[in-house]
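Q: Please take a close look at one single part of the model shown here, and then explain how the chains around that part are built. I am new to this structure, so a careful, connected account would help me most.

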Amino acid sequence: MGLPILTALFGLAIAFGALDLISHGLTVPTFGPELAALLGIGVGIDYALFIVTRYRSHLRNGKPPGAAISEALATSGRAVVFAGSTVVISLLGLLLVGLPYITGAAIGASTSVLLVMAAADTLLPATLGALGSRIDRLRIPLPHRDRRVSLGLWWRWSQRVQRNPALAGGAALAVLVLLALPLFSLRVGYMTCSPRASDPAVTAH
Amino acid sequence: MTTTDIASRSMIARIGSWSFRHRRLVFFAWLVALVAVTVLAEQRATGSRTISMAEAPKPSRLGRCYNSHSQPTQATPPPLSSTRRPVLIPRLPGVKCRRRLTSYASYHTRPLCRGPFDPGASRQVSTDGRVAYATVQYDQLAGDLSTAAIDRLAAVAEIASHPGLQVVGGGAPVARIEKPTFGPAEGVGLLAAAVILLLSFG
């Protein structure tokens, strides 16, 4: 459990330094570090967990550590890069807003995600290499931890979804459309100090 | 295609395997990156450019906004740093309270200090009259303000406060001198997160 946290925190520590440097060239809002930390810790721990879980699974199946990490990265590692790139591209979409402080926040958060993603794909394998097969040495001995996943609720759910893909897809789409409906009545605005024609009073913050 | 085949073809897997084999080099590279970024950031730490949302509008816009009130600051550069000060008023603002708040605003000698009852600031009082905002605009970025200047502001707030009138500072400058608190709620939250992670992932 500690490995994913350590990896994410290491990437995040560098991200904070990078954010400081970025703030000299771009306008970074005061919430910029918090946003970077929020996203960095969240996705960093997730990404590392994907890889560690897959690595453990391969170890349990009798693979040597070298092969286990290689195969874990070939599957989960690629997913991590894909997911991280998607988050970065989405964040960079905020540049379209055209506000300097939003640009700074987006670039800071993107840097954070990129760094924790890189840490998951390089620093984590190095740490796993140092630990080898001793990764489970400090594991908490919980009952039923090693029971077959095929007996789990989510395994049964996935089997049911795969048996009825059209029904499951249609139901998911219907729920999403229902949730998206309020978008059509969304009223957006922007805080401004420009006076309205009918109101001479101006509030500027 | 087996996972072993995928692993032999995937670039990420090759990078990971390389990191796995050359772990000391990888640790060293990450450490160097951390130290380099920290040192560079420290060297440039003389003037943080971090600003608050309150400072976000373009300077020209702010300048136009404030000039429209014919304040005696026409020649002043646009303000770049601000702190909003909510003032809690026990009852509907009467004459006495109004005078106090106006005089409170005049404590500041900065050109862009605005009390809640100043012209153009009518929206800075809540509808029930219990909360009002006075705004102090500095001509520097929040990160460039000296701690002494911010301390003076805090001292003024303390002087202005009295039973029935609470003056609270806010904004990026005040945040610089406020120390983050770590209370029981934060402790319980961290403990819960640690327990959940431990139980889930071992």
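A: In this predicted model, a good place to begin is B:Gly16, which, once its neighbours within four places in sequence are left aside, is in contact with A:Leu73, A:Asp121 and A:Pro125. B:Gly16 belongs to chain B, where it is found in helix H2, the helix that covers residues 11-21, while the three residues just named as its contacts belong to chain A. B:Gly16 counts as buried because its relative accessible area is 0%, and the cut-off for that word is under 20%.

The chain that carries this glycine comes next. Chain B has eight helices and four strands, and, followed from the N terminus on, its elements run α-α-α-α-β-α-β-β-α-β-α-α. Of the 202 residues in chain B, 34% count as buried, and B:Gly16 is itself a buried residue. When contacts in chain B between residues at least 6 apart in sequence are considered, 67% of them join residues that are at least 24 apart. Chain B exposes about 12,000 Å², with carbon and sulfur atoms supplying 62% of that area.

The partner in these contacts, chain A, has six helices and zero strands, so that its pattern, read along the sequence, is α-α-α-α-α-α. Buried residues make up 39% of the 205 residues in chain A, and among its contacts with a separation of 6 or more, 69% are between residues 24 or more positions apart. The accessible surface of chain A comes to about 11,500 Å², and 69% of this belongs to carbon and sulfur atoms.

Within chain A, one pair of helices can be followed in detail, namely H1(A), residues 2-22, and H2(A), residues 32-60, which pack at an angle of about 150° with their axes 8 Å apart. That angle makes H1(A) roughly antiparallel to H2(A), because angles over 145 degrees are counted in that way. The crossing of H1(A) and H2(A) is right-handed. On the side of H1(A), the residues that meet H2(A) include A:Pro4, A:Ile5, A:Leu12 and A:Phe16, and on the side of H2(A) they include A:Pro33, A:Gly40, A:Ile41, A:Gly44, A:Leu49 and A:Val52. Sorted by kind, the residues of the contact of H1(A) with H2(A) divide into 14 nonpolar, three polar and no charged.

How values were computed. Residues are numbered from 1 along each chain as its sequence is written. Chains are lettered from A and ligands numbered from 1 in the order in which they are written. This is a predicted model: local features need pLDDT of at least 70, side-chain atom pairs count only at pLDDT 80 or more; totals for chains, interfaces and linings use all residues. Side-chain values use heavy atoms; hydrogens and water are left out. Axes are lines fitted to C-alpha atoms, for helices over the stretch in contact, and angles run from 0 to 180 degrees between N-to-C directions. Helices (H or I, at least four residues) and strands (E, at least two) are DSSP runs, numbered from the N terminus. Angles under 35 degrees count as roughly parallel, over 145 as roughly antiparallel, 65 to 115 as roughly perpendicular and the rest as oblique. A crossing is left-handed if the near helix is turned anticlockwise from the far one by less than a right angle, and right-handed if clockwise. Contact means heavy atoms within 4.5 Å. Ala, Val, Leu, Ile, Met, Phe, Trp, Tyr, Cys and Pro count as nonpolar, Asp, Glu, Lys and Arg as charged, and the others, Gly among them, as polar. Buried means under 20% relative accessible area, exposed over 50%, partly exposed in between (1.4 Å probe, protein chains only). Accessible areas come from the Shrake-Rupley method with a 1.4 Å probe; for residues, only the protein chains shown count as cover.
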